[in-house]
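Visitor: I would like a close look at one part of this protein. Please take me through the sheets and whatever packs around them.

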Amino acid sequence: MITDRQLQEAIQHQVLYGGRLGTSLFELGFITEERLTDALARAKGVPAADLRSLQPEALALVPKKLVQRFKVFPCRVRGKTLFLGMVDPGDHAAVAQVGYSLGFIVRPLVMPEFRMVQLLRDHYGVDERWRYSDTRGSAAAVPEVKDPAAAAERVEAAVTRDELVAAVLALGRCYFKRVVFFIVREPWVLGWDGVGEGMDRARASALRVPLDLPSVFQGVTRNRTMFVGRPGPGEADRAFLDSIGKKPGTTAALFPVAVRGRVVNLMWGDSGTTGAARGDLGQLLAFMQRIPRAYLRIIRARVAESQQAGPGPGANPEEKKSE
């Protein structure tokens, strides 16, 4: 279904933006939803969810807390059997927990991750940002590192996207009282994680800045150059400063992270509610050059891993590449 070059591009996309490989293949236009769904059904050995026959009574049966926790979607119900759309129908713990909670026999159906994101958002109001989660593990804790050189070494040692993010935040904390890490996905800049004064992962993940309005975020993303100074009086900048409790008129810094010519992340740093950003940021800028290299190293390792693995014995290569 796809070429080796397309697979490599999809792996790069997955490392940068998280999610499953099938999601990256679809978002890059390398595979249709129909072909991906068919490949997933054959690979997982369960039927595909038929989204044309969703039943309102099934939706009413399953509460938001269950679908949000397990990332599942009720498709239809027949008697005491619930047909449940799942990204991973092999998650037997989720099947058992949903069935036990509702008193139903659960029959899993497979659906692509990106479609699950859309359905949970539209029908349950679940924030779609979980699509960007790193599927290689849970979020890494931000280490307490006071030496910038030691934090930079952690950047170089990271083996997953989230380990890299944690190391970058640790590096930023050596220079600022508050640091926020963003994912750049047009037309938004999405908060992902943060540390320091009044900031944590939950608060950072609620941040969203539009790129179609003038702001320091738009300028740094478009020009691929750092910003140090006072954010402007525009609507987007004012809304962001309000959301983090930053006093207007004080200085801050915003750094781009570009991989192969495209800005994929931004790092915001400031010295708290009223403090000014430090002026000695040359060393930090030099250390941040290691971040794109770390991304490329992780991407190369994932590509090499996929080439070594290849299709399993008796497997259809189409199925292997889709997963």
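Guide: What follows is a walk through two sheets, their helices, and a few details beside them. Keep in mind that this is a predicted model.

Start with the six-stranded sheet. Its strands run in the order E6-E5-E4-E9-E8-E7. The sheet is open, and its pairing is antiparallel. Strand E6, residues 208-210, sits at one edge, and strand E7, residues 227-229, is the other edge strand. Each of these two pairs on one side only. On average, neighbouring strands here are turned by 20° against each other, direction ignored.

Now look at one pair inside that order. Strand E8 covers residues 252-259, and strand E9 covers residues 262-270. They run antiparallel and are joined by seven bridges. To find the register, use Phe255: Met267 in E9 stands opposite this residue.

Two helices belong in this picture. Helix H1, residues 4-17, packs on the sheet. H1 touches strand E4 (178-185), E8 and E9. The direction of H1 makes about 15° with that of E9. H14 lies across E4, E8 and E9 as well. Its run is at about 35° to E8.

Stay with H14 for a moment. Glu305 forms a salt bridge with Arg136. The closest N and O atoms of this pair are 3.2 Å apart. Glu305 lies in helix H14 (residues 290-309), while Arg136 lies in the loop between H7 and helix H8 (148-157), so the salt bridge ties together parts that are 169 residues apart in sequence. Searching the whole structure gives 15 salt bridges.

That loop leads to H7, and H7 leads to the other sheet. Three strands make up this open sheet, in the order E1-E2-E3, with mixed pairing. Its edge strands are E1 (72-78) and E3 (105-110), each pairing on one side only. Neighbouring strands are turned by 30° against each other on average, again ignoring direction. E1 pairs with strand E2, residues 81-86, in the antiparallel sense. Six bridges make up that pairing. Here the register can be read from Arg78, which stands opposite Thr81 in E2. Helix H7, residues 113-124, lies across E1 and E2. H7 runs at about 75° to E1.

Next, two backbone details in loops. The peptide bond from Glu186 to Pro187 is cis, with omega near 5°. Pro187 is placed in the loop between E4 and strand E5 (188-196). The other detail is Arg224. Its phi is near 60°, a positive value in a residue other than glycine. Arg224 lies in the loop between helix H11 (216-223) and E7.

Last, the enclosed space. Over the whole structure, a search finds two cavities of 30 Å³ or more. The second largest cavity has a volume of about 30 Å³. Gln14, Val15, Gly18, Gly19, Asp134, Thr135 and Arg302 line this second largest cavity. By class, its lining has one nonpolar residue, four polar residues and two charged residues.

To retrace the route, begin at the E8 and E9 pair, with its seven bridges. Go on to H14, which lies across E4, E8 and E9. From Glu305, take the salt bridge to Arg136. Then end at H7, which lies across E1 and E2.

Conventions:
Residues numbered from 1 in each chain as written. Predicted model: local features only at pLDDT ≥ 70, side-chain atom pairs only at ≥ 80, totals over all residues. Heavy atoms only, no water. 1 Å grid on protein atoms, 1.4 Å probe; cavity = no way out; pocket = protein on both sides within 12 Å on 5 of 7 lines; lining within 4 Å. Points joined across faces, edges and corners; volume = space filled by probe spheres on them. Nonpolar A, V, L, I, M, F, W, Y, C, P; charged D, E, K, R; others polar. Pairing = 2+ DSSP bridges. Helix = DSSP H or I, 4+ residues; strand = E, 2+ residues; numbered from the N terminus. Axes fitted to C-alpha atoms, helices over the stretch in contact; angles between N-to-C directions. Contact = heavy atoms within 4.5 Å. Salt bridge = Lys/Arg side-chain N within 4 Å of Asp/Glu carboxyl O.
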